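Thanks for asking for a second pair of eyes on this one. Here are some notes to keep beside you as you look around.

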Amino acid sequence: INEDDFLTTDAEAESVVYGIYDLMAWNYNRPWNSAFFIKVLPGDIANAGSTIGDQPAFQQIDDFTHVADNPAIAGVWEGYYKTIGLANVLIEKLEISNLATKDKFIAEAKFLRAFSYLELVTMFGDVPLRISTPLSIDDFALARSPKSEVYKQIEDDLTVAISGLPLRSAVAQPFRISKEAAQAFLGKTYLFQKKYDLASIEFGKVILSKAFDLEPNFKDIWSSSTEHGIESLLELSFVSTEKYDWGNFPWGGRPESNIHAQLMGPRGDGVFDVAAIGITNGWGFNIPTSKIGNAFIAAGDVVRKKATLISEADLIAAGGNVTPPASGIHDYEGFVRLKYATNAADTDGPINELNYGINWRLLRYADVLLMAAEAYHKNNEDGKAQIELNKVRLRAGLADVTATGDALFTAIVKERQLELAFEGQRFWDLVRWGLAESELSSLGYTSKNQVFPIPSNEISRNNLINQ
């Protein structure tokens with residue numbers, strides 16, 4: 001394609017937008033390098049699992065022994081900047097084009113760039129703020145910008161996005177972002193900076209819009225029947241229609257199925273017998289800690305526990321079994337994960353292991369309500385905080401929280417732990433609340449671990465990165 005003649009039609013601009021979403025999906029589903037995994041593993045929700053020597057990059061993140069050459073971290077860094085790079089190209093070309101509808105595509109691209117930078121600044125802190133395309137190799141070197149500058153760019157991009165994006169009721173395809181979802185991300189951006197008054201305003205807009213709601217049954221959230229449903233604000237799509245087999249699965253490329261569902265399934269090899277509970281075996285990564293299992297039990301949270309994990313005793317009572325090898329099961333602490341479970345209904349051979357069509361839910365309405373509760377509490381509006389918190393608890397079959405002050409904040413912290421288990425929020429919540437050291441030091445966490453290291457290959461390519 002002649003680049004000078006490209007982006008003159010809606011179809012061409014839309015094809016580039018699709019490409020940006022595709023890069024996001026690739027970054028969450030790149031074989032052995034997944035943003036989903038590296039967001040979940042540092043917390044106290046999941047252990048790396050599998051066997052002790054399997055995938056050292058994951059084991060290191062789980063144990064807080066990772067360093068700058070960790071390939072899983074480097075791969076995700078690369079994925080976000082590839083996404084940003086394509087968004088930059090689209091924005092730059094459309095801004096000088098004569099395409100009458102260009103503003104709506106610029107708005108969408110700016111959201112996708114803002115999302116990527118929000119992920120980067122959360123995971124890495126100060127990062128290079130690249131909002132234009134380097135014209136030569138000399139332009140590539142770029143120092144890290146302070147977090148405040150990165151957040152300011154995210155705010156600016158989301159403000160433009162909100163003004164140009166359609167309402168959810170008018171979004172062309174369900175996987176694409178809506179105005180209300182962008183408002184939620186702006187609220188999250190403010191919340192993470194402790195701008196609680198501004199965060200409250202944005203979350204309030206989303207709640208009042210009634211564009212989203214809670215799925216009536218918690219266990220249905222991860223069903224294929226509710227993909228892009230009433231609770232989903234942003235979701236990455238995967239399909240089982242490629243019919244991969246061991247000979248054609250794109251291990252080094254971009255699979256259209258969700259291979260990480262298979263990675264997270266309960267380990268086979270005669271270890272976990274889970275057929276009785278309706279799921280199939282996988283490769284044993286991302287397994288529950290006893291801490292999260294016991295947290296559900298202590299809270300009397302039966303509804304969410306049944307949809308999130310199952311204890312060994314309950315598995316055996318249901319007709320399953322656990323048969324540890326003589327050396328024991330690496331990282332196993334008595335619970336099997338059910339959230340994002342390997343359900344036969346979500347795959348379609350010829351090799352089921354390679355063809356899961358499970359979508360990643362990146363932002364749910366329950367998360368919005370809990371962030372709103374936090375923002376209201378921090379903004380001295382405990383009555384409003386209780387209302388949003390208790391909406392989430394009602395679905396879980398739990399009594400209303402009537403506490404105020406510090407006790408209300410503790411309740412919000414606990415609610416996020418249980419509601420969002422295995423969704424990649426816990427570690428980053430603990431860091432921003434200043435609770436990481438008290439909750440995670442026994443696992444090897446120290447203050448340097450509050451962000452990931454800048455990848456060593458980026459340092460070698462970018463001679464300004466340490467300035």
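1. Start with the lining of the largest cavity in this predicted model. There are 14 residues around it, and Y28, K39, E119, L362 and Q425 are the ones nearest the centre. The space inside comes to about 130 Å³.

2. Which elements give two or more residues to that lining? They are α2 (35–40), α5, α7 and β10 (360–364). The largest share, 3 residues, is from α5. By class, the lining of the largest cavity holds 7 nonpolar, 2 polar and 5 charged residues.

3. Next, have a look at the second largest cavity, with a volume of about 70 Å³. Its lining includes K39, E119 and Q425, along with L118, T122, K188 and F192. Here α5 and α7 are the elements that give two or more residues, and α5 has the largest share with 4. The lining splits into 4 nonpolar, 3 polar and 3 charged residues. If you would like to keep exploring, the structure holds 8 cavities of 30 Å³ or more.

4. The pair α5 and α7 deserves a visit too. The axes of α5 (residues 102–124) and α7 (residues 179–192) come within 11 Å and cross at roughly 25°. That angle is under 35 degrees, so the two helices count as roughly parallel. Their crossing is left-handed.

5. Finally, which residues make this contact? From α5 they are F111, F115, L118 and T122, and from α7 they are A182, F185, K188, T189 and F192. Of these contact residues, 6 are nonpolar, 2 polar and 1 charged.

How values were computed. Residues are numbered from 1 along each chain as its sequence is written. This is a predicted model: local features need pLDDT of at least 70, side-chain atom pairs count only at pLDDT 80 or more; totals for chains, interfaces and linings use all residues. Side-chain values use heavy atoms; hydrogens and water are left out. Axes are lines fitted to C-alpha atoms, for helices over the stretch in contact, and angles run from 0 to 180 degrees between N-to-C directions. Angles under 35 degrees count as roughly parallel, over 145 as roughly antiparallel, 65 to 115 as roughly perpendicular and the rest as oblique. A crossing is left-handed if the near helix is turned anticlockwise from the far one by less than a right angle, and right-handed if clockwise. Contact means heavy atoms within 4.5 Å. Ala, Val, Leu, Ile, Met, Phe, Trp, Tyr, Cys and Pro count as nonpolar, Asp, Glu, Lys and Arg as charged, and the others, Gly among them, as polar. On a 1 Å grid over the protein atoms alone, a cavity is a set of points where a 1.4 Å probe fits but cannot get out, and a pocket is an open set with protein on both sides within 12 Å along at least five of seven lines; lining residues have an atom within 4 Å of a point. Grid points are joined across faces, edges and corners, and a volume is the space filled by probe spheres set on the points.
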